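Colleague: Please take a close look at a single part of this model, the metal site, and then describe what else can be said about the chain.

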Amino acid sequence: MKGNFKYHNPTKLYFGDAALDHLSEELSQLGERVLLNYGTGSVKRSGLYDEVVDILRGNGLTIIENPGVMSNPTLAKLDEGILLARENKVDWILSLGGGSVCDYSKAVAASVGFDGDYWRHFWLEGNQPAAEQKILPVGCILTMAGTGSEMNGGAVITDAAHNYKLGHVFDSRLMPRFSILNPRYTMTVPLEQMKAGIYDIMNHIFEQYFSGEDDNTSDYIAEGLMRGLIAASRAAVRDPQDYEARSNIMWTATWALNTLIKCGKSQDWMVHQIGHSIGAWTHAPHGYTLAAVSMAYYRRAMQFGRAKFERFAKNVWGVDTAEAGLEALKAWMIEIGLPLTISELGATEAMIDNIVSTTNIFPAGYMDLTPKDVREILRESL
Ligand code: NZQ
Ligand code: ZN
């Protein structure tokens with residue numbers, strides 16, 4: 001490994017079908033007033049909301065409710081949450097839901113003590129909260145596997161008025177204090193979202209794997225995670241109620257994006273940038289936006305980073321050439337039922353210039369893209 005890095009991840013995890021038993025232990029270390037963020041209905045339908053509220057009330061906490069955190073949470077909803085947290089002087093935030101609710105909770109936690117335009121300061125300018133700024137602790141009870149938000153500092157927010165979806169990776173102060181991961185909660189996730197989550201996990205691994213030329217421990221870990229995910233995804237698609245498969249998917253999601261496999265790596269993240277922009281214009285599930293451009297993107301990247309694509313073919317798929325590796329990836333995507341085109345997400349030729357205009361372009365893993373390249377990738381993905 002050639003890179004320099006610091007590794008520090010403060011999130012405590014409780015995993016398994018009895019994980020919620022540990023919530024009470026955590027409460028004693030947090031304040032009495034909690035902002036409870038949750039989504040648009042699933043936790044009420046599953047009964048998890050009632051279970052959690054009983055535990056919070058049983059421990060004497062005052063709950064300030066913030067329902068309706070939508071998938072791909074918006075800036076307008078963030079404004080609401082910040083106001084609620086300030087007016088009610090909350091001590092900490094509990095996220096009950098998928099990656100969207102967890103991201104949103106971190107966004108509120110970071111912004112509540114910032115005096116000024118938080119959207120500009122954190123998301124548009126990419127700043128970290130100042131050392132003296134107040135930050136609220138966040139706890140997470142996760143109901144969907146995919147983003148890794150439960151153990152990272154990421155918070156993706158959409159400015160819906162400007163079709164601008166933007167992620168910010170906060171430093172370790174914003175990583176959840178604790179996350180409760182019960183794979184059983186993910187069993188009620190709609191099939192489409194389960195598949196989107198699976199590809200999101202796979203693509204997080206790709207974004208960190210397809211870069212660099214050195215022999216790097218992170219890449220060996222990444223290959224193991226990919227192989228495990230392929231096996232578990234096949235089992236979960238065959239039988240979505242397969243606990244073993246769902247638990248492996250959930251655990252892989254956490255390790256795919258919890259700051260471990262980026263150690264010593266330059267990374268890519270351009271599929272995510274293009275995917276965010278597609279999401280802002282189509283509102284498609286995040287993982288689907290990544291799947292829909294991946295074949296065009298990686299065929300292009302292969303021209304610049306052939307050795308890594310050959311390694312991917314051999315070590316992940318057991319085939320000989322870089323091209324065969326990408327074909328194996330495509331066959332797996334078809335097998336589990338992922339979209340391979342942006343048309344399937346509702347994107348049209350007429351939308352492409354808009355999507356390009358809101359795509360952030362960074363130096364990628366093996367190639368540097370221009371807006372023209374992004375346009376070509378989107379056209380090839382139609
Ligand atoms: O709103 P509810 O009713 O809860 O429904 C949700 C939502 O409609 C539903 N759902 C979640 N758990 C469920 C369930 N339905 C039934 N049973 C359950 N147990 O599923 C839908 C999708 O949920 P959401 O939280 O939006 O999905 P996901 O976890 O994929 O999160 C997506 C967001 O995370 C961001 C994405 O951009 C997107 O905004 N990301 C965050 C990252 C991070 N923090 O590092 C990285 C990722 O690359 C990603 O960008
Ligand atoms: Zn993602």
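**The zinc site and two other places**

Modeller: Both His272 and His286 are buried, where buried means under 20% relative accessible area, exposed over 50%, and partly exposed in between (1.4 Å probe, protein chains only). This is a predicted model, in which local features need pLDDT of at least 70, side-chain atom pairs count only at pLDDT 80 or more, and totals for chains, interfaces and linings use all residues. Residues are numbered from 1 along each chain as its sequence is written, chains are lettered from A and ligands numbered from 1 in the order in which they are written, and side-chain values use heavy atoms, with hydrogens and water left out.

The zinc ion (ligand 2) has as protein donors Asp200 (OD), His204 (NE2), His272 (NE2) and His286 (NE2), at 1.9 to 2.1 Å. Donors are N, O and S atoms within 2.8 Å of the metal (3.2 Å for Na, K and Ca); water is not among the atoms, so sites may look incomplete. Along the chain, the spacing of these donors is D-x3-H-x67-H-x13-H. His272 belongs to helix α10 (residues 270-282) and His286 to helix α11 (residues 286-304), and the two are 14 residues apart. Helices (H or I, at least four residues) and strands (E, at least two) are DSSP runs, numbered from the N terminus.

The loop between α9 (243-256) and α10 holds Asn258. Asn258 counts as buried because its relative accessibility is 0%. Leaving aside residues up to four places away in sequence, Asn258 touches Tyr7, Asn9 and Met151, a contact being heavy atoms within 4.5 Å.

Phe5 lies in the segment before β1 (12-15). With a relative accessible area of 44%, Phe5 is partly exposed.
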